[in-house]
Amino acid sequence: MSIEEIVTGFHAAMLHKSADELADLYAEDALHEFPFGGLAPYEGREAVRENYRATWGATPFEVEEVRRVALHRTQDPEVVVVEQTVHGTAGGHRLTVPGLLVLRIRDGKIVHTRDYMDTSAIAQVRAAG
């Protein structure tokens, strides 16, 4: 799978809140980290699946659009940086959650993600629910 297909698939999984779609993009031994926000990393594809299933299943946030702001290629051909905004509603309030993904992609699978979410926007989502 190409970088473009993986980024498009990642955003589609977010839109559908589909942990299975997301986990299928990951290598079996991948690592998904959250440098901001205090969440423990997800170690392995099945941890990505299990934790996103629980998180997305419990959130009041209804995703309406995932907008790619930019895709930055780095000097390392395995690494891309994705700027994104997630638009949706929670508790009747329209909210936008900006973020960055730093993805390391090898052999058509994500092997490492650093997921930087706007923690103040996440707090608004939680408060609105």
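**Salt bridges, loop residues and the largest pocket**

Colleague: What is the relative accessible area of arginine 67?

Modeller: In this predicted model, arginine 67 counts as partly exposed. That class lies between the limits of 20% for buried and 50% for exposed. The relative accessible area of arginine 67 is 39%.

Colleague: With which residue does the side chain of arginine 67 meet in a salt bridge?

Modeller: The N to O distance of this pair is 2.8 Å, and the rule asks for a distance within 4 Å. The partner is partly exposed, at 32% relative accessibility. The residue that meets arginine 67 is glutamate 65.

Colleague: How many residues apart along the chain are arginine 104 and aspartate 76?

Modeller: The side chains of arginine 104 and aspartate 76 meet in a salt bridge, at 3.0 Å from N to O. This pair links distant parts of the chain, with arginine 104 in strand 5 and aspartate 76 in the loop between strand 3 and strand 4 (79-90). Arginine 104 is partly exposed at 25% relative accessible area, and aspartate 76 is partly exposed at 27%. Along the chain, the separation is 28 residues.

Colleague: Which residues are joined into one network by salt bridges that share partners?

Modeller: By the distance rule, the count comes to 11 salt bridges. Some of them share partners and so form one network. Its members are Asp20, Asp24, Glu46, Arg49 and Arg53.

Colleague: Which residue forms a salt bridge with lysine 17?

Modeller: Lysine 17 is found in the loop between helix 1 (3-16) and helix 2 (19-23), and its relative accessible area of 22% makes it partly exposed. The closest N and O atoms of the salt bridge are 3.7 Å apart. The partner lies in strand 3 (residues 62-73), 45 residues from lysine 17, and is partly exposed at 45%. That partner is glutamate 62.

Colleague: What is the phi of aspartate 107?

Modeller: Most residues other than glycine have a negative phi. Lysine 17 has a positive value, near 50°. Aspartate 107, in the loop between strand 5 (93-106) and strand 6 (109-117), is exposed with a relative accessible area of 78%. The phi of aspartate 107 is also positive, near 55°.

Colleague: What distance separates the C-alpha atoms of threonine 8 and arginine 68?

Modeller: Threonine 8 belongs to helix 1 and is partly exposed, at 41% relative accessibility. A polar contact of 3.3 Å joins the side chains of threonine 8 and arginine 68. These residues are 60 residues apart along the chain, and their C-alpha atoms are separated by 8.8 Å.

Colleague: Which element gives the most residues to the lining of the largest pocket?

Modeller: The largest pocket holds about 640 Å³ of space. The elements that give two or more residues to its lining are helix 1, helix 3 (45-58), strand 4, strand 5, strand 6 and helix 4 (119-128). The greatest contribution, four residues, comes from helix 4.

Colleague: How many residues of the lining of the largest pocket are nonpolar?

Modeller: The largest pocket is lined by 26 residues, and Tyr52, Thr55, Trp56, Met117 and Ile122 lie nearest its centre. Six residues of the lining are polar and three are charged. The nonpolar residues number 17.

Conventions: Residues numbered from 1 in each chain as written. Predicted model: local features only at pLDDT ≥ 70, side-chain atom pairs only at ≥ 80, totals over all residues. Heavy atoms only, no water. Buried < 20%, exposed > 50% of the residue type's maximum accessible area, 1.4 Å probe, protein only. Polar contact = N/O pair within 3.5 Å; in protein donor to acceptor, adjacent residues only side chain to side chain. 1 Å grid on protein atoms, 1.4 Å probe; cavity = no way out; pocket = protein on both sides within 12 Å on 5 of 7 lines; lining within 4 Å. Points joined across faces, edges and corners; volume = space filled by probe spheres on them. Nonpolar A, V, L, I, M, F, W, Y, C, P; charged D, E, K, R; others polar.
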